[in-house]
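Let's take a walk through this structure together, going from a pair of helices to the empty spaces inside the protein. Have the 3D view open as you read.

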Amino acid sequence: MAEQAIYTSNLRKSYGSLQVLRGVDLEVLQGEIWGLLGPNGAGKSTLMHLILGLLKPDDGTIRVFGVEEREQLSTRIGYLPERPHYHNQFTGREYLVTLGRLSGLGGKRLHDRIDTVIDLVGLGPSADRRIGTYSKGMRQRIGLAQAVLHEPDLLIVDEPASGLDPAGQREMGLLLRTLSETGHTIFVCTHQLTEVARLCDRIGVLVGGKITQTSSVAALHEQGHSITIRVTDLPLETANALQALGPEVRYDRLSVTIFPTSDALLAAVLRQLLDDDVAIQAIVPEADALEQFYLNAVHDGQAAASAPAPSTTEDLLETLIEDR
Amino acid sequence: MFALRRLWTFTRFTLTEYIRSGRIIVELVAVILFWGLFLREWTIGSEQFFSLTGIFTLLMALYTTAALLSLGERPQGYVMLTRPLGRTGYLLGLYFVALIVVLTMFAVVSALTITFNRPFDFLWNEFFMSVVPLLLNVALLSSLIVLLSALVLPNVMRLFLLAVLAIALYSQAWHLSPVYRFIEPLQSLFSWPLYPAMAGFKLATSRDWTGGGYYIPLAQLALTVLLISLALISFKRRDVILRNQ
């Protein structure tokens, strides 16, 4: 069995009275691509910054490659931030030279490595232009180049497809997949489900300050789609009868969702609705397993959380800066 | 050794950015204006030169250190901080760039003055004897600004330290106030850490190193090391939350 790249246990973090993480348990194995999903403001960036050692936990344990002190591991970790803020006054190559030196590279090895990563991310001749002239996509590329420059064992990536066009997103996904195949562990934070489906081996959903559900992407793909039956009004007796059919059946007053679906379960639900004379408006094969997994996790997590989550990451950061 | 090399790499990088971004124009304009207004035409002695430049370099240290710390508070810092440079190298790098900029500006003012309007009692050996306490005061003030920055201390601690400084510095005005007798013991207590800075300024202008004068630069240096060490300890223990642009 592969060893742990990231391990957290009962990880808690608050900003003043605002509890952002309420006991996060996470295990990322070496060599896998692990996708962290979650709504805006769920604390994904906070979790990443805790793993990177930029934030200090209130409670709980964080170990990266079995070590708690992250400064010792900085040569083994690469980080691609969500917002592509880089030093505009430098060319891409100058920037990479500096970051390479900060990571302990030097001489011919550094320059060879820079040429390699420039080729890898497809920056080409733009590497000799000032970063201030770069488009958002090119900034994302220079960001990835700096993150992998020192050949880290663990790559922490925050919204890698942010600001990229569909072709760029696909290319970024392929790049990350290539890196994973060469032995890198990748911890990626995103809210793009298509990206997760294409890229990740395992995923978890952070909501209400906890990772409420984890799953392998392959297992979700095997589960297929959900089906939603839209109704005019669901009587209480029917709802009770549907509940008895199993946890795969969820409902509210205007719809019944079956996930994971099966012919037998669909037939049983339809029979119950027809028997109770419930008017069916539509039967919609609505979401794939991944989407449904995410929606269920968010629904369950929000129901379990007692305090409301902050509206967005930006709001949270603004609050923190003002508090400071 | 590797840590020093990384620190130098980051210092050089930040200094280059400070120059390329044009921020250094503020200091250059200030130097030219200061020299043109105070040192270009009037007949001056070395004491006047060091009194004027002593105050000017402190004001410049205040501005430049604050400007460098605001550079360090940008989200660009996250990528640097996750490198082996670490928090210590990051904060020291910003501090050293501030010192390099102010020292360079002092060198420019000195060169202009020595070339075009040399003080009537100018002697090279005395010049260098005055430069030492003057520049140590720059290092001391910069380290205090670093310690008082939002990057390093929480707001409550910063306000507390500023209040302490206010009590220590505003003793003359408070003599007239009825609350002075309550403040006086505090003022006596809080003003002693300022002694090396005050004595250093006096030493730079008087160039009188007799009677234990050689201990003053040592005291300045010790206080500088103490302040920067406190800043590093606090920064290492804090959450790093950089401002969005």
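This is a predicted model, and a good place to begin is chain A, with helix H4 (residues 136-148) and helix H5 (residues 166-181). The axes of these two helices of chain A come within 12 Å and cross at roughly 5°. Angles under 35 degrees count as roughly parallel, so H4(A) is roughly parallel to H5(A). If you would like to see the contact itself, pick out Gln140(A), Arg141(A), Leu144(A) and Val148(A) on H4(A). From H5(A), the partners are Glu171(A), Met172(A), Leu175(A), Leu176(A) and Leu179(A). Sorted by class, this contact between H4(A) and H5(A) has six nonpolar residues, one polar residue and two charged ones.

Now zoom out to chain A as a whole. It is divided into domain 1, covering 4-220, and domain 2, covering 225-287. Between the C-alpha centres of these two domains of chain A there are 41 Å.

Next, let's look at empty space. Rolling a probe the size of a water molecule over the atoms shows where such space is left. In this structure, three cavities of 30 Å³ or more turn up, and the largest cavity holds about 90 Å³ of space. What lines it? The lining of the largest cavity consists of 13 residues, and those nearest its centre are His87(A), Phe10(B), Leu71(B), Arg74(B) and Tyr90(B). On chain B, helix H1 (2-20), helix H3 (46-72), helix H4 (77-81) and helix H5 (86-116) each supply at least two residues of this lining. H1(B) gives the most, with four residues. By class, the lining of the largest cavity has six nonpolar, five polar and two charged residues.

Finally, turn to the largest pocket, with its volume of about 1000 Å³. Its lining is made up of 31 residues, and Leu141(B), Leu144(B), Leu165(B), Leu194(B) and Ala197(B) lie nearest the centre. Six helices can be traced around it by name: H3, helix H6 (124-147), helix H7 (155-169), helix H9 (180-191), helix H10 (195-206) and helix H11 (215-237) of chain B each supply at least two lining residues. The largest share, seven residues, comes from H7(B). And what is the class make-up of this pocket's lining? The largest pocket is lined by 30 nonpolar residues and one polar residue, with no charged residues.

Notes
Residues numbered from 1 in each chain as written. Chains lettered and ligands numbered in written order. Predicted model: local features only at pLDDT ≥ 70, side-chain atom pairs only at ≥ 80, totals over all residues. Heavy atoms only, no water. Axes fitted to C-alpha atoms, helices over the stretch in contact; angles between N-to-C directions. Parallel < 35°, antiparallel > 145°, perpendicular 65-115°, else oblique. Contact = heavy atoms within 4.5 Å. Nonpolar A, V, L, I, M, F, W, Y, C, P; charged D, E, K, R; others polar. 1 Å grid on protein atoms, 1.4 Å probe; cavity = no way out; pocket = protein on both sides within 12 Å on 5 of 7 lines; lining within 4 Å. Points joined across faces, edges and corners; volume = space filled by probe spheres on them. Domains from an automatic or database assignment.
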